[in-house]
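User: I am a first-year student, and I should like a close look at a single part of this structure, namely its largest pocket. Please set that part in its surroundings and explain each term as it appears.

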Amino acid sequence: MTSPSVTPTKSQANAPAVSALTTLSTPGHDVGLLLLRLVLGLTMVAHGSQKLFGWFGGGGISGTGKFFEASGYPAGEAMAAVAGLTETLGGLGLALGLLTPLAGAAIVGTMINAIAVRGTGSFFAPEGIEYELLLTTGAAALTLTGPGRYAVDRFLPVLRGHRLAHGAAALALGIVLGFVMVLVRS
């Protein structure tokens, strides 16, 4: 009776090393992350374009600026531009899976402000924060998990194998900046 050989076969020896991303990700996992990124990202792009261009019934810079001033923010039009750019660029980043930790963190910071403006008096829509909380949590989850295999980040060496440390640091940055912006409100 012989024991199985411990020496790798020629095909095993020539096989590329399996990355952590490959072992943890399945096609279903990657397609699920892609779906979440697309829906959340494109939703944020639409919201940003309302602020920047007045599309989809939005107020544009001027109208959104007046809303920001009424909500207690200084320099309403500048804040509208910052919010619109953050939502648009962060949403595009999420949809494409490009710089996903930073894109998700940008959305989280913006949504912290949306929750602060909306107030926490009620949970359920239309007056409540459930929608904003769902967007915030989805963006935070993508920031921490990474974009999955079907993303531009796979072509960026530093983000190819998404590291939890990148996501956690970006998320912390987004939360801190989000709360700093809340503090500038009067």
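Analyst: The account below begins with the chain, turns to the pocket, and then takes up the side-chain pairs.

This is a predicted model, in which local features need pLDDT of at least 70 and side-chain atom pairs count only at pLDDT 80 or more, while totals for chains, interfaces and linings use all residues. Residues are numbered from 1 along each chain as its sequence is written, and side-chain values use heavy atoms, with hydrogens and water left out.

The chain contains eight helices and zero strands; helices (H or I, at least four residues) and strands (E, at least two) are DSSP runs, numbered from the N terminus. Its pattern along the sequence is therefore written α-α-α-α-α-α-α-α. Of the 186 residues in the chain, 37% are buried. A residue is called buried under 20% relative accessible area, exposed over 50%, and partly exposed in between, with a 1.4 Å probe and protein chains only. Contact means heavy atoms within 4.5 Å. Among contacts between residues at least 6 apart in sequence, 64% join residues at least 24 apart.

The largest pocket holds about 830 Å³ of space. Rolling a probe the size of a water molecule over the atoms shows where empty space is left. On a 1 Å grid over the protein atoms alone, a pocket is an open set of points with protein on both sides within 12 Å along at least five of seven lines, whereas a cavity is a set of points where a 1.4 Å probe fits but cannot get out; lining residues have an atom within 4 Å of a point. Grid points are joined across faces, edges and corners, and the volume is the space filled by probe spheres set on the points.

There are 32 residues in the lining of the largest pocket, and the closest to its centre are Lys51, Ala83, Glu87, Thr110 and Ala114. Helices α3, α4 (60-70), α5, α6, α7 and α8 each contribute at least two residues to this lining. The largest share, 10 residues, comes from α6. By character, the lining divides into 18 nonpolar, 10 polar and four charged residues. Here Ala, Val, Leu, Ile, Met, Phe, Trp, Tyr, Cys and Pro count as nonpolar, Asp, Glu, Lys and Arg as charged, and the others, Gly among them, as polar.

Two of the residues closest to the pocket centre, Lys51 and Glu87, also meet through their side chains in a salt bridge, at 3.1 Å from N to O. Lys51 lies in helix α3 and Glu87 in helix α5 (residues 76-96), so this pair ties together parts that are 36 residues apart in sequence. Both Lys51 and Glu87 are buried. A salt bridge is a side-chain nitrogen of Lys or Arg within 4 Å of a carboxyl oxygen of Asp or Glu.

The structure holds three salt bridges. Another of them joins Arg118 to Glu132, with the closest N and O atoms 3.2 Å apart. Because Arg118 belongs to helix α6 (residues 100-118) and Glu132 to helix α7, the pair ties together parts that are 14 residues apart in sequence. Arg118 is partly exposed at 39% relative accessibility, whereas Glu132 is buried at 8%.

A further salt bridge connects Arg149 with Asp30, and its closest N and O atoms are 2.8 Å apart. Arg149 lies in the loop between α7 (130-145) and α8 (164-183), and Asp30 in helix α3 (residues 27-53), so parts that are 119 residues apart in sequence are tied together. Arg149 counts as partly exposed at 25% relative accessibility, while Asp30 is buried at 0%.

Aromatic rings supply another set of pairs. The whole structure has four aromatic pairs; rings of Phe, Tyr and Trp (its six-membered ring) pair if their centres lie within 6.5 Å, and planes under 30 degrees apart count as stacked, over 60 as edge-to-face and the rest as tilted. The rings of Phe67 and Phe68 have centres 6.0 Å apart and planes at 80°, so this pair is edge-to-face. Phe68 also forms an edge-to-face pair with Tyr73, at 5.3 Å centre to centre and 65° between the planes. Ring pairs thus link Phe67, Phe68 and Tyr73 into a cluster. Within the cluster, Phe67 is partly exposed at 48% relative accessible area, Phe68 is buried at 10%, and Tyr73 is buried at 4%.
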